[in-house]
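The following note collects points on a structural model, offered for consideration alongside the coordinates. It treats empty space, a sheet and a helix pair in turn.

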Amino acid sequence: MDGAQFSFFDDGTWSGKIYTGGWVDGSGGADEVTAPADGAHVASIGRATPADLCAAAKAARAAQPAWEATAPADRAAILNKAAEILEANAGELIPWIIRETGSIPPKAGIEIEHSAGFLRAAAEAAQENQTQTLASVDGRGASEELIRVAHGVVGVISPFNFPLILSIRAIAAALATGNAVVHKPDPRTPITGGVMIARAFEDAGLPSGLLHIVPGGADVGAAMCEDPNIAMVSFTGSPEVGAKVGEACGRNLKKVQLELGGKNALIVMDDADIDVAASNAAWGAWLHQGQICMATGLILVPSATAGQLIEALSTKAGHLPVGDPAKEECALGPLIVEAEAKRVEGIVEDAVAKGATLHVGGKPNGTLFPATVLSGVKPGMRAFDEEIFGPVAVIAEYNNDDHAVELANMSDFGLVASVIGTDVGRARDLGMRLRVGHLHINDQTVTASPLAPFGGRGRSGNGCRISGPALWEEFTQWVWVTTKPAATPYPF
């Protein structure tokens, strides 16, 4: 990348390759990975086909039983080692994340930090006792146990926005619980979302055949949902694609875990400090150009204080430069492709045409989209109803607490909500009326932890969670085992 040579990462072994039993040519040839800021070449990566996916799934299924039989402490040691490797090589990896994903440097650093956290949390979980003893109720003299066992092979499909974190959190969970993994990263970010992970696990000593990275198109994802060697699919991405993944997995009787989008409300209460609320709203709406499923998608503010909030956000927007974070200091980088910038512009134009006010921003320059403030947004406008996935602060006014709850709960999504207010008890009571999977009192919406179950309701997912206690719930299944000291005859 730009002539840089990295001892750990960029040694040429992976260029133009996929990872399955080592670095090999994909049967689909190779694809060019380009930078979203300027379209410049970043790297070449192998392109997998459905045939590659099927071969990888078969190899993973063959390797998995020995991995499940491996001592939990040994599995944990490899996961912890992979975390150490990412952290030790952060200085080499962060420039690649910036270039490939359009991240500003702090966000790229978060990718390394949080990914290591997910690996360590999974390593700790791997060593938890997952066997329960049941009381026997039939008088047959048998001891009874419930034992958690791996599904076998888990397919992972991850998105472009936080490709390292959103790949590793599922891969780590699957490996910790004794599964093998076949992973399809987003084809726009296969280096951050795939190659980095494979290299870290290679150096950490993960046995061959347990992790396969198969970059490719929608046909590879479809093959993952159909292949009989894959028992579960963990998908993070858009609701539209997630619905197709869920349908295909259901047709094939596969377990599926879906983490989809969000239209996340931040409610500013009438006793809130407006400057503090504006700071939270700005971070939640504009971090990583709004390309986050947890982004603050709807800011609800009392009519009496709406003007103050609009002014504060508009001032902040004017102080946030947008540019190419690989070449210049900026607060916002590019959207992933120019078509996304045009889509976001269309949402802004729809709102203005229907009566909303555009205070600042709203016009892209290629993939660069400035921090934008829209007020007077109402139901029926795309800005109110849709997940924007761009740097647009959407402000709607409410009359009272009940009205705020009504507006927030209009969304078909149900991922995150936040409430900002001085009276914490009142804020919490209001928040608990919102139909979401995560609730944050006196914080913005972009908040996550490797120890917390992550997921949402409605169009934000299928009720499944990932990480924390959900790790064992989702990536394993129960086996009921009864044991008698000796076989006994039956009446027949």
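1. A cavity is here a set of grid points where a 1.4 Å probe fits but cannot get out, and a residue counts as lining if it has an atom within 4 Å of a point. In these terms, 15 residues line the second largest cavity, and those nearest its centre are G290, A295, G297, I388 and F389. The model under discussion is predicted.

2. The volume of this second largest cavity is about 80 Å³. Its lining comprises seven nonpolar, six polar and two charged residues.

3. How many cavities of 30 Å³ or more does the structure hold? There are two. The largest cavity has a volume of about 100 Å³. It is lined by 14 residues, and K263, A408, F413, R435 and V436 are the closest to its centre.

4. Three strands deserve mention for the largest cavity: β12 (264-268), β17 (413-414) and β18 (416-420) each contribute at least two residues to its lining. Eight of the lining residues are nonpolar, four are polar and two are charged.

5. Turning to open space, the largest pocket encloses about 910 Å³. Its lining is made up of 38 residues, with R188, F235, G237, S238 and V241 the closest to the centre. The lining residues of this pocket fall into 17 nonpolar, nine polar and twelve charged.

6. Which element gives the most to the lining of the largest pocket? Helix α8 does, with seven residues. The elements that each supply at least two residues are α7 (218-226), β10 (232-236), α8 (239-251) and α11 (338-353).

7. The second largest pocket holds about 300 Å³ of space. Of the 18 residues in its lining, H114, F162, M294, V446 and A448 lie nearest the centre. Two helices, α4 (105-126) and α5 (163-176), are the elements that give two or more residues to this lining. By class, the lining of the second largest pocket has 13 nonpolar residues, together with three polar and two charged ones.

8. The sheet may be described next. Three strands form an open sheet in the order β5-β6-β21, and their pairing is antiparallel. Its edges are β5 (131-134) and β21 (476-483), each of which pairs on one side only. From one strand to the next, the twist averages 25°.

9. Within this sheet, β5 and β6 (residues 143-150) are joined by four bridges in the antiparallel sense. One position can be inspected directly: T133 stands opposite E145 in β6.

10. How do helices α3 and α6 pack, and at what angle? Helix α3 (residues 90-101) packs against helix α6 (residues 191-204) at about 155°, and the axes are 10 Å apart. Angles over 145 degrees count as roughly antiparallel, so α3 is roughly antiparallel to α6.

11. The contact between these helices can be followed residue by residue. From α3, the participants are L93, W96, I97, E100 and T101, which meet I191, T192 and M196 of α6. The class composition of the contact between α3 and α6 is five nonpolar, two polar and one charged residues.

Technical notes
Residues numbered from 1 in each chain as written. Predicted model: local features only at pLDDT ≥ 70, side-chain atom pairs only at ≥ 80, totals over all residues. Heavy atoms only, no water. Pairing = 2+ DSSP bridges. Axes fitted to C-alpha atoms, helices over the stretch in contact; angles between N-to-C directions. Parallel < 35°, antiparallel > 145°, perpendicular 65-115°, else oblique. Contact = heavy atoms within 4.5 Å. Nonpolar A, V, L, I, M, F, W, Y, C, P; charged D, E, K, R; others polar. 1 Å grid on protein atoms, 1.4 Å probe; cavity = no way out; pocket = protein on both sides within 12 Å on 5 of 7 lines; lining within 4 Å. Points joined across faces, edges and corners; volume = space filled by probe spheres on them.
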